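Work through the exercises below with the sequence and the structure open beside you, and try each task before you read its solution.

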Amino acid sequence: MSSGAPPEGAAPKSWTVALRERAVAALPPEKLLADEQPSYVSSWIYVFGVLSLASLGVIIASGMILALKGPGWWHFTGVGHFFNSVHLWSVELFFFVMVIHLWGKYLMAAWRGGRVRTWVTGAVAFLVAIPCTLTGYVSQQNFDAQWISTQAKDSMNAAGVGSFFNLTNFGQMYSYHVLLLPLAVVGLVVAHVLLVRKHGVVPPFELPGPAPEPVASNRPAVDAEASS
Amino acid sequence: MFLVMAVIIDLSHPAQTVHWHFFTMSVSNIVVIVLMLVVFVLAITLPFPGRRAAGRSR
């Protein structure tokens, strides 16, 4: 009876091992959770990238609470109003900071040096987040949602996509809003962050003159002094 | 609380819009866009705190 174990010295055939080896080769732990970054990462533009992630976290957390409690709660109770507002304003903040991050990265030509996939996942995440938000407007379960959905369906029909989805179908729009589109946004954001970790952030444009950039560390200051 | 807010910011009216030739946009949207541009300019011009100090430590 065979034990299933590979012969000594032979490479294992298991797909889990192959996947693990591929993942570790692409993103070794010291790269995935790096403790040092180039000095040009010290920029407000990356702060806005992190703020986008933080806003997305608040959006998802508040959205889960709203889904748990339902429309009666978010329309007719004080705490429900509060979480409804938290959800709305975290979305406003998400787009505000994400667009600033996007503008900055566009002007840095962040797709340079083999970073096309990093740029594309970020830009597509922004584009997918827009219908994710718009389906939220038609999922409110109030007159505002009725007005928006009936107006929006005309533009969708005029664009020729009205046969694929129906904006006045609450069940369909709610499914899009709480499952399909958030899944796509989160997936793209995760891919974007992993690609940033894999390829690093784009270096500044080279200017004439010497001086390679020094390295900034997020280790404690004592370490930095000891190693200098 | 809601009453106090309603007194400070009266939202019981249609949105005010700016019309200029083909351009039509609500004042609130214009305010947000201008604010984004201001924050963006500040983000690329203001020095990042601690950057110079970190560079000297190496």
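**Exercise 1: A helix and what follows it**

In this predicted model, α7(A) is followed by A:Gly160, whose phi is positive, near 85°.

Task: Check what span α7(A) should have against the distance between its end C-alpha atoms, and decide how many of its residues are buried.

Solution. Begin with the length: helix α7 of chain A covers residues 143–158, which are 16 residues, and at 1.5 Å a residue, counted over one less than the number of residues, these should span 22 Å. Next, compare this with the model, where the end C-alpha atoms are 23 Å apart, which agrees with the expected value. Finally, turn to burial: the number of buried residues among the 16 is one, so α7(A) lies largely in the open.

**Exercise 2: A hairpin in chain B**

Task: Place the two strands in the order of elements of chain B, and describe how they are joined.

Solution. Start with the inventory, in which chain B has three helices and two strands, arranged from the N terminus as α-β-β-α-α. Then look at the pairing: strand β1(B), residues 17–20, and strand β2(B), residues 23–26, run antiparallel and are joined by four bridges. Among the facing residues, B:Trp20 has B:Phe23 as its bridge partner, while B:His19 stands opposite B:Thr24. Last comes the turn, where two residues lie between the strands and B:His21 takes a positive phi near 55°.

**Exercise 3: The largest nonpolar core**

Task: Find which elements supply at least two residues each to the largest nonpolar core, and which of them gives the most.

Solution. First list the members: the core has 12 residues, including A:Ile45, A:Phe48, A:Val91, A:Phe94 and A:Met98 from chain A, with B:Phe40 and B:Ala43 from chain B. Then assign them to elements, and you find that α3 (44–69) and α5 (78–107) of chain A, together with α2 (27–45) of chain B, each supply at least two residues. The most comes from α5(A), with six residues. Apart from this core lies another, of 10 residues, among them A:Ala125, A:Leu167, A:Met173 and A:Val185.

**Exercise 4: A threonine in its surroundings**

Task: Is A:Thr135 buried or exposed, and which residues is it in contact with, leaving aside its neighbours within four places in sequence?

Solution. Locate the residue first, in helix α6 of chain A, residues 116–137. A count of 23 other C-beta atoms within 10 Å makes A:Thr135 buried, because the cut-off for a buried residue is 20 or more. Beyond four places in sequence, A:Thr135 is in contact with A:Met173, A:Tyr176, A:His177 and A:Leu181.

**Exercise 5: Confidence in chain B**

Task: Where in chain B is confidence lowest, and where is it highest?

Solution. Take the whole chain first: the mean pLDDT of chain B is 82, and 74% of its residues reach 70 or more. By element, confidence is highest in α2(B), at a mean of 95, and lowest in helix α3 of chain B (residues 51–56), at 53. Over residues 54–58 of chain B, pLDDT stays under 50. Where pLDDT is low, the predicted coordinates should not be read in detail. For the complex, the predictor gives an ipTM of 0.78 and a pTM of 0.82.

Technical notes:
Residues are numbered from 1 along each chain as its sequence is written. Chains are lettered from A and ligands numbered from 1 in the order in which they are written. This is a predicted model: local features need pLDDT of at least 70, side-chain atom pairs count only at pLDDT 80 or more; totals for chains, interfaces and linings use all residues. Two strands pair if DSSP finds at least two bridges between them. A nonpolar core is a set of buried Ala, Val, Leu, Ile, Met, Phe, Trp, Tyr and Cys residues joined through C-beta atoms within 7 Å. pLDDT is the predictor's confidence in each residue, from 0 to 100. Two residues are in contact if their C-beta atoms, placed from the backbone, lie within 7 Å.
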